Amino acid sequence: MRLIKLDICNFRVLRNVHLEFPDALIGIIGQNGSGKSSIVEAIAWALYGNQVARSGKDEIKSSFAGGAENCEVSLEFEINRQPYRVVRRLSGRRERPEVELYRGGVSASVGSTETRAYVEQLLGLDWRGFLTSFLARQQELNALSDLMPSKRREHLAGMLGIERLDRAIQRIREDVRVSSEKGEYIEQQLAQKEPLEVDITRLREHIDLLERQQDMQSGACNRTKLRLDELTAAYREHEAGKSACSQLSARIEAQQTTADNLREQIGNSSAEVADLENAQRELNDLERELQEFESFKNQFEKLMEIKSRAAHRTAISEQIESAKVDKEGLEQRQKVNRELLDRSATELGKIPENIEQLHKSGRENLDAARAEWSHLQAGIEATERELAKLKDQILSIAEIGPDTVCDRCHRPFGDDLPAIKAHLDREHRELMGRLQTFKEQIPAKQANGEKLREEVAKLEQQCKRKFELETQLEATLKEEQDLTQRLDNTSKQLDKLAAQLKELGEFEFDRAEYERVATRVTELEKLNERRNQITGSLRRLEPARRELQRSEEKLSRLTMEMEKLKQEQREIGFDESEFKRVASDLSAVQQHFEKEKEAVASTVKELELARREHDLKGEQLDGLKKAAEELEALRTDRYHGERLSRLFADFRMYLIARIRPRLSELASELLSEMTAGKYGLVELDEDYNLRILDYSQFFGVDRFSGGEKDLANLCLRLAISLALSESAGLERSFVILDEVFGSQDDERRDLIFKGLVGLKNRFPQVFLITHVEEIRDRVEYLVEVRPSEAGWSEVRVSGSVV
């Protein structure tokens, strides 16, 4: 499998990232938390979805992405030269999961479940197997040598997938345990079979007894029902007579109420007619008094018009005085504003027009001076660190002799010791010269920086003053236009008001005459309103007289009908005492009938319960017969399960025995390639301790240097990845090493790096994820991940591949 291209949008801290992966030693560098491991996580997420994520689904989409924006990862790769592309996204505000896989540009699967199954079949690996095969972390390398033997075996079993076989064995044993417990439970149930058969016989006899009792109770109930029907017919006959009398009484009572209402209505109508006749006489008196109403009304309207014109003339005069005051204030403000315009324009002309460009150039020169000074400081600190380290080496070399054995190669120094000392002295002199050069440059750089800082401060002050003057000038010009417009409007308003005042002319308004006429008009309007009320009410006089006559006639007819109804009631002849006697007999027989019905219902219910219990016991007996058959099947399943568990356990021992030699073989090949043949053979003992052949003898990795130990553990980890890939039938093309440098010193780091270069023939693509900045110049293709002030990380690519 070979990676080709990766596109990331709104994934974790990555905003928009486009990466192409050549066949090379690829370094992914960034500080902790910058998002470099998110690139690897995005690759696995595109293939396998949320199950490979380090957190829940809600934290995958970037926090800085908008609600409607998508989180999306597109990965292009090839297997056996066949290209594939998988696109996975969380879509919209609800983060709806979507995924589609293309084979050679044609859609091959759509949807999470279908695509995951397709990827697992294509790679021959589930997501755990994929991470184990292609990704190696520092903590895994440490575990290979630092753990106790039992823990190391468990750790390797997990990486090799053997724990799935352990889970299968555990599941089989659990099934056997469940079968045993279920069989014991069924045996306990079968002990109840004989008592159950006795209960069924007893219930059959009880059912026969209840059926005979039901027949006798039903006969008695039928005879009581006949007597109840006879009494019901007699009761209904008496009840009909009572109902007829009650209806007549109700009609008589209703007509009596109607007659009372008519008498009250006649009294009200008589009073209304008398009141209307009095109103007619009052109306005649009002007509005589209102004869002068129209003349007073016309006179009042003329006086109102004169009053309105007088008020209008007063308002116009007040507006003219106010407008004159406003005009004087506006003219004074305009004078002050024009003086401010002249002062601002004069001061602005003294500032250079290109002041912004001068300020920008000054800032750039100052930044460049600061960068040069920082570079010198960094050079001084780095040189002092190298001098301190070199002094320690010189002191150490001075204390040893030619017979001293090297702690790395385990060979004596011999004749090489003087040359080593001379080399260290020469290197010390060179470092001292470089340090002196750096320090001599510092004073000049500081003086130049101070001068540039003063110039930039002065230019910045002029830029600020120019902006203030331009803003002030713009606001003053705008106010000048506004004042001119307002003065023009005020002059036009004064002309218009003067014309309106002239148009009104001269006239006199008599307020005392106005008040006298207004008072008289108010009095006459009240009298006119009373006249209109009386005129409206007199329309009811004739209808009220006719309504009084109709009510008197209706009362006479109603009195005659009431006498006829009372005569019909006397002819029915209803006897209340006889009716009560029949009702009492009916109630007694009805209560007796209900008791007999309850007895029959009780017997029927008891019979139904007995039959239901009988059927239930029969079903239980049938169930016990089936349980006996199930018990035999469970015993057979338990036998086969125990046998299968033993077979799986034997297969696990066989598998482990086969894997250990293959891991030793692969690790030996890798170590030989990475050490240029210095170490060519590795073995794993029964506790999976790593042992290396040196001078025809196997030694534990603790005998070797730290860098060689790290290299051996890395080879074993890569051997595990190769073994998993072989079992999946997958072509190896890349490996990802996450922080494998750990906290090694320069020498151990250099040894691992040289070893990785030797893997290019076996792994065309080697990814190094690290925070160690020193490797940037040693990788062929560099991917830098840096946090930005905007909240996301930026990715920059550099390097070339031959």
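A salt bridge, as the term is used on this tour, is a side-chain nitrogen of Lys or Arg within 4 Å of a carboxyl oxygen of Asp or Glu. The structure on screen is a predicted model, and a search of the whole of it finds 44 salt bridges.

**First stop: Arg15 and Glu69**

Select Arg15 and Glu69, whose side chains meet in a salt bridge with an N to O distance of 3.6 Å. This pair links distant parts of the chain, since Arg15 lies in strand 2 and Glu69 in the loop between helix 1 and strand 4 (71-79), 54 residues apart. With the surface displayed, Glu69 should be looked at as a partly exposed residue, because its relative accessibility is 31%.

**Second stop: between helix 13 and helix 6**

Move next to Glu630, which forms a salt bridge with Lys182, the closest N and O atoms being 3.0 Å apart. Here too the pair links distant parts of the chain, with Glu630 in helix 13 (residues 576-674) and Lys182 in helix 6 (residues 162-190), 448 residues apart. Glu630 counts as partly exposed because its relative accessibility is 31%, and Lys182 is likewise partly exposed, with a relative accessible area of 40%.

**Third stop: helix 10 and its contact with helix 9**

Now select Arg465 and Glu468, which are joined by a salt bridge of 3.2 Å, N to O. The two are three residues apart in helix 10 (residues 416-504), so they are separated by about one helical turn. Arg465 is partly exposed at 29% relative accessibility, and Glu468 is partly exposed at 36%. For a set of linked pairs, select Glu773, Arg776, Glu784, Arg786 and Arg796, which salt bridges with shared partners join into one network.

Then add Glu356, which is placed in helix 9 (residues 355-398) and is partly exposed at 42% relative accessibility. Leaving out residues up to four places away in sequence, Glu356 touches Cys463 and Lys466. A polar contact of 3.5 Å joins the side chains of Glu356 and Lys466, while Glu356 and Cys463 are 6.3 Å apart from C-alpha to C-alpha despite a separation of 107 residues in sequence. Cys463 counts as buried because its relative accessibility is 15%, and Cys715 is also buried, at 1%. A search of the whole structure for disulfides finds zero.

**Fourth stop: Arg88, a buried charge**

Which side chain of opposite charge is nearest to Arg88? Select Arg88 in strand 5 (residues 82-91) together with Glu120, which is that nearest side chain and is 9.6 Å away; Arg88 is buried yet has no salt bridge. The side chain of Arg88 instead reaches the backbone oxygen of Leu47, at 3.4 Å. Beyond its neighbours within four places in sequence, the contacts of Arg88 include Trp45, Tyr48, Cys71, Glu72, Glu98 and Thr115.

**Fifth stop: the nonpolar cores**

Leu47 leads on to the largest nonpolar core, which has 49 residues, and those with the most contacts inside it are Met1, Leu3, Leu47, Tyr48, Leu75, Phe77 and Phe130. Colour helix 1 (residues 36-48) separately, as the largest share of this core, nine residues, comes from that helix. With Phe130 at the centre of the view, its contacts, apart from residues up to four places away in sequence, can be picked out as Met1, Ala44, Leu47, Tyr48, Leu123, Leu125 and Leu135. A second, separate core of 44 residues includes Leu25, Ile29, Ile692 and Leu722.

Beside Leu25 in sequence, select Ala24, which is placed in the loop between strand 2 (14-20) and strand 3 (25-29) and is buried at 1% relative accessibility. Ala24 and Leu782 are 758 residues apart in sequence, but their C-alpha atoms are 10.0 Å apart in space.

**Last stop: two positive phi angles**

Most residues other than glycine have a negative phi. Select Arg12, where phi is positive, near 55°, in the loop between strand 1 (2-11) and strand 2. Then select Tyr695, which also has a positive phi, of about 55°, although it is not a glycine, and which is placed in the loop between strand 10 (690-694) and strand 11 (697-700).

Is each of these residues buried or exposed? Arg12 is buried, with a relative accessible area of 13%, whereas Tyr695 counts as exposed because its relative accessibility is 59%.

Note on methods: Residues are numbered from 1 along each chain as its sequence is written. This is a predicted model: local features need pLDDT of at least 70, side-chain atom pairs count only at pLDDT 80 or more; totals for chains, interfaces and linings use all residues. Side-chain values use heavy atoms; hydrogens and water are left out. Helices (H or I, at least four residues) and strands (E, at least two) are DSSP runs, numbered from the N terminus. Buried means under 20% relative accessible area, exposed over 50%, partly exposed in between (1.4 Å probe, protein chains only). Lys and Arg count as positive and Asp and Glu as negative; His and the chain ends are not counted. A polar contact is a pair of N or O atoms within 3.5 Å; within protein, one must be able to donate a hydrogen and the other to accept it, and residues adjacent in sequence count only if both atoms are side-chain atoms. Contact means heavy atoms within 4.5 Å. A disulfide is a pair of cysteine sulfur atoms within 2.5 Å. A nonpolar core is a set of buried Ala, Val, Leu, Ile, Met, Phe, Trp, Tyr and Cys residues joined through side-chain atoms within 4.5 Å.
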